[in-house]
Amino acid sequence: MKYKVLLFDLDDTILDFEKAEEQAFFKTFADNSLKASLDMFQKYKEINAVMWQKHEKGLETRDKIMVERYIRLFEFYKIEKDPDTFNKAYLNNLSLGSFTVDGAAKFLQEIKSDFKIYAVTNGEEKTQRKRLENSVAGKYFEDVITSQQAGFNKPQKGFFDYAFNKLNLTDKKGVLLIGDSLSADIKGAVDYEIDSCWFNFRNKTNNSNIIPDYEVKNFEELKNIIY
């Protein structure tokens, strides 16, 4: 086999982030005696995407974007709540969302004896670890590398330097990174000169100039690549 080490992104690769995000968003509003609409949730997702893009590029800190997304949302809808307190409650609710992508746990169970399996994530440390540990997929990972640990975000080189050092990885040719984000996972892998697989289970269109080595829609297709 060509690959000995598999680096998995978590959100929308192993863990179903969209389901966890929606549950956490509406629960946090309900817990604060507020009624959230689908339009409000969509607006939040638009703001959040912009903020995360800034974070991935190193333009804004994690702590700032976490609160700023709610500052902007509350300003738009004229909601009088403390954004910092609200964000903390949201993250706590998000940590309860341990839904996995269809087929993830079965796939990991089938390959666990043949590969070193690690998670690499830009998500908030405490939240991501709790979600993974409580999921049916968590037991298959030997370690988790977060951007908070590393002090850098995917796709920054510093993130991968930290991961390779902490995991004692030396052979780049034996490593495959699997993730759903072209701008974070795939670009990071390409720049770091390790092979990448775009896990595109939501059937998105690649309108960027970022080209993965492989593209798959499900875990069966991924299995055909690694064996």
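Colleague: What makes the meeting of helix 3 with helix 4 a contact?

Modeller: On the helix 3 side stand M66, V67, R69, Y70, I71 and F74, and they meet P83, D84, F86, N87, Y90 and L91 of helix 4. Contact means heavy atoms within 4.5 Å, so this meeting is called a contact. The model is predicted, so local features need pLDDT of at least 70 and side-chain atom pairs pLDDT 80 or more, whereas totals for chains, interfaces and linings use all residues. Residues are numbered from 1 along each chain as its sequence is written, and side-chain values use heavy atoms, with hydrogens and water left out.

Colleague: What is the class make-up of the contact of helix 3 with helix 4?

Modeller: Nine of its residues are nonpolar, one is polar and two are charged. Asp, Glu, Lys and Arg count as charged; Ala, Val, Leu, Ile, Met, Phe, Trp, Tyr, Cys and Pro as nonpolar; the others, Gly among them, as polar.

Colleague: How is the packing of helix 3 and helix 4 described?

Modeller: Two packed helices are described by the angle between their axes and the distance between the axes. For helix 3 and helix 4 the angle is about 115° and the axes are 8 Å apart. The axes are lines fitted to C-alpha atoms over the stretch in contact, with angles from 0 to 180 degrees between N-to-C directions.

Colleague: At what angle do helix 2 and helix 3 cross, and what is the make-up of their contact?

Modeller: Their axes come within 9 Å and cross at roughly 145°. Helix 2 contributes residues including Y44, M51 and W52, and helix 3 residues including I65, Y70 and F76. The contact holds eleven nonpolar, two polar and seven charged residues.

Colleague: Why are strand 1 and strand 2 called paired?

Modeller: Two strands pair if DSSP finds at least two bridges between them. Strand 1 (residues 5–8) and strand 2 (residues 116–121) share four bridges in the parallel sense, so the requirement is met. F8, for instance, has A119 of strand 2 as its bridge partner.

Colleague: What makes strand 3 and strand 6 edge strands?

Modeller: The open parallel sheet has six strands in the order 3-2-1-4-5-6. Strand 3 (143–146) and strand 6 (214–216) each pair on one side only.

Colleague: Why is I225 assigned to a helix?

Modeller: I225 is found in helix 10 (residues 219–226). Helices are DSSP runs of H or I of at least four residues and strands are runs of E of at least two, numbered from the N terminus, so helix 10 qualifies. Beyond its neighbours within four places in sequence, I225 touches C197, Y214 and V216.

Colleague: What distinguishes a pocket from a cavity, and how much space lies in the largest of each?

Modeller: On a 1 Å grid over the protein atoms alone, a 1.4 Å probe fits in a cavity but cannot get out, whereas a pocket is an open set with protein on both sides within 12 Å along at least five of seven lines; lining residues have an atom within 4 Å of a point. Volume is the space filled by probe spheres set on the points, which are joined across faces, edges and corners. The largest pocket holds about 1200 Å³, and the closest of its 40 lining residues to the centre are A49, W52, E56, D180 and S181. Helix 2 supplies the largest share of this lining, seven residues. The largest cavity holds about 50 Å³; among its lining residues are D12, D180 and W198.
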